[in-house]
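User: I should like to learn how to read the main features of a protein model, one at a time. Could you guide me through the one shown here?

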Amino acid sequence: MDPQVFREIELDQLFARVKSYKERGWRLANLCASTVGDKVELLYSFSTAEELENLFVLIDNGQPVPAVSKLYPNAFFFENEARDLYGVKFKDSLLDYDGRFYSPSIPTPLNPSSLEAQQYLEESEQTSGADRTDTSDATEAQEENDVQGDSAHFVEAVPTTPVPDAPDAGVVASAEAGEVETHG
């Protein structure tokens with residue numbers, strides 16, 4: 001098996017390159033985003049049984065990106081995640097949750113320089129400035145910490161219930177009987 005291949009491409013090449021992988025029978029294994037300075041890097045990973053290749057593109061915050069979910073339907077998960085967590089705007093996504101795929105308490109928590117995050121911070125500063133009665137340095141430092149602290153709690157927890165018949169289901173609590181049973 002050859003080592004992984006990474007190819008940097010321009011945004012205007014993205015859809016054609018992804019289409020080429022699809023036509024040659026490659027699977028879309030992953031699409032992920034990360035911040036690089038004040039830009040967002042999108043990494044598209046494609047695989048066959050023996051090979052793994054990656055395309056990556058750097059985009060500006062707010063720059064529209066062609067969706068690939070019409071070629072690879074599973075990409076709609078990745079596209080919505082990149083939108084909610086990094087502020088990436090995909091054009092013509094197969095299934096667009098319009099920023100509601102996750103429920104972050106602050107916009108684009110993994111990309112503080114996104115347009116949405118900047119607008120949120122400006123609105124927060126205006127609101128906290130209007131409500132402020134004590135302008136001491138300690139109060140200002142605490143309010144700044146409160147705004148920054150929001151990122152530590154950016155996704156609401158979703159309760160899960162283990163399936164009792166599944167292997168390694170763990171512990172299941174019965175609220176009615178107040179009992180706890182272990183499934184192994």
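**Reading the sheet, the helices and the charged pairs**

Analyst: Strands β3 and β4 form a hairpin, with 4 residues between them. Strands and helices here are DSSP runs numbered from the N terminus: H or I over at least four residues for a helix, E over at least two for a strand. This is a predicted model, in which local features need pLDDT of at least 70 and side-chain atom pairs count only at pLDDT 80 or more, while totals for chains, interfaces and linings use all residues. Residues are numbered from 1 along each chain as its sequence is written, and side-chain values use heavy atoms, with hydrogens and water left out.

User: How many helices and strands does the protein have, and in what pattern do they follow along the sequence?

Analyst: The secondary structure comes to 4 helices and 8 strands. Along the sequence, the pattern reads β-α-β-β-β-β-α-β-α-α-β-β.

User: How should I read the pairing of strands, and which strands form the open sheet?

Analyst: Strands of a sheet pair through backbone hydrogen bonds, either parallel or antiparallel. Two strands count as paired if DSSP finds at least two bridges between them. In this model, 4 strands form an open sheet in the order β1-β4-β3-β2, with mixed pairing. Its edge strands, each pairing on one side only, are β1 (5–8) and β2 (27–36). From one strand to the next, the twist averages 20°.

User: Which of these pairs run parallel and which antiparallel?

Analyst: Strands β1 and β4 run parallel and are joined by 4 bridges; within this pair, Arg 7 stands opposite Leu 55 in β4. Strands β3 and β4 pair in the antiparallel sense over 9 bridges, and here Ser 47 stands opposite Leu 52 in β4. Strand β2 is joined to β3 (residues 39–47) by 9 bridges, and the two run antiparallel. One residue to locate is Cys 32, whose bridge partner in β3 is Leu 43.

User: Where do helices α1 and α2 lie relative to the sheet?

Analyst: The angles to be quoted are taken between N-to-C directions, from 0 to 180 degrees, with axes as lines fitted to C-alpha atoms, for helices over the stretch in contact. Helix α1 (residues 14–23) lies across β1, β3 and β4 (52–60), and runs at about 165° to β4. Helix α2 (residues 75–86) packs on the sheet and touches β2 and β3, where contact means heavy atoms within 4.5 Å. The direction of α2 makes about 10° with that of β2.

User: What is a salt bridge, and how many are found in the whole structure?

Analyst: Side chains of opposite charge can pair when their charged atoms come close. The criterion used is a side-chain nitrogen of Lys or Arg within 4 Å of a carboxyl oxygen of Asp or Glu. A search of the whole structure finds 6 of them. One joins Asp 60 and Lys 39 through their side chains, at 2.3 Å from N to O. This pair links distant parts of the chain, since Asp 60 is in strand β4 and Lys 39 in strand β3, 21 residues apart.

User: Are Asp 60 and Lys 39 buried or exposed?

Analyst: Buried means under 20% relative accessible area, exposed over 50%, and partly exposed in between, with a 1.4 Å probe and protein chains only. Asp 60 is partly exposed at 38%, and Lys 39 is partly exposed at 30%.

User: Which other salt bridges link distant parts of the chain?

Analyst: Among them is the bridge between Asp 96 and Arg 83, at 3.2 Å from N to O. Asp 96 is in the loop between β6 (89–91) and α3 (115–131), and Arg 83 is in helix α2, 13 residues apart. Asp 96 is partly exposed, at 39%. Arg 83, Asp 96, Asp 98 and Arg 100 are linked in a network of salt bridges. Another bridge joins the side chains of Glu 116 and Lys 89, at 2.3 Å from N to O. Glu 116 lies in helix α3 and Lys 89 in strand β6, so this pair ties together parts that are 27 residues apart in sequence. Glu 116 is partly exposed at 23%, as is Lys 89 at 30%.

User: What share of the residues in the protein is buried?

Analyst: Buried residues make up 30% of the 184 residues.
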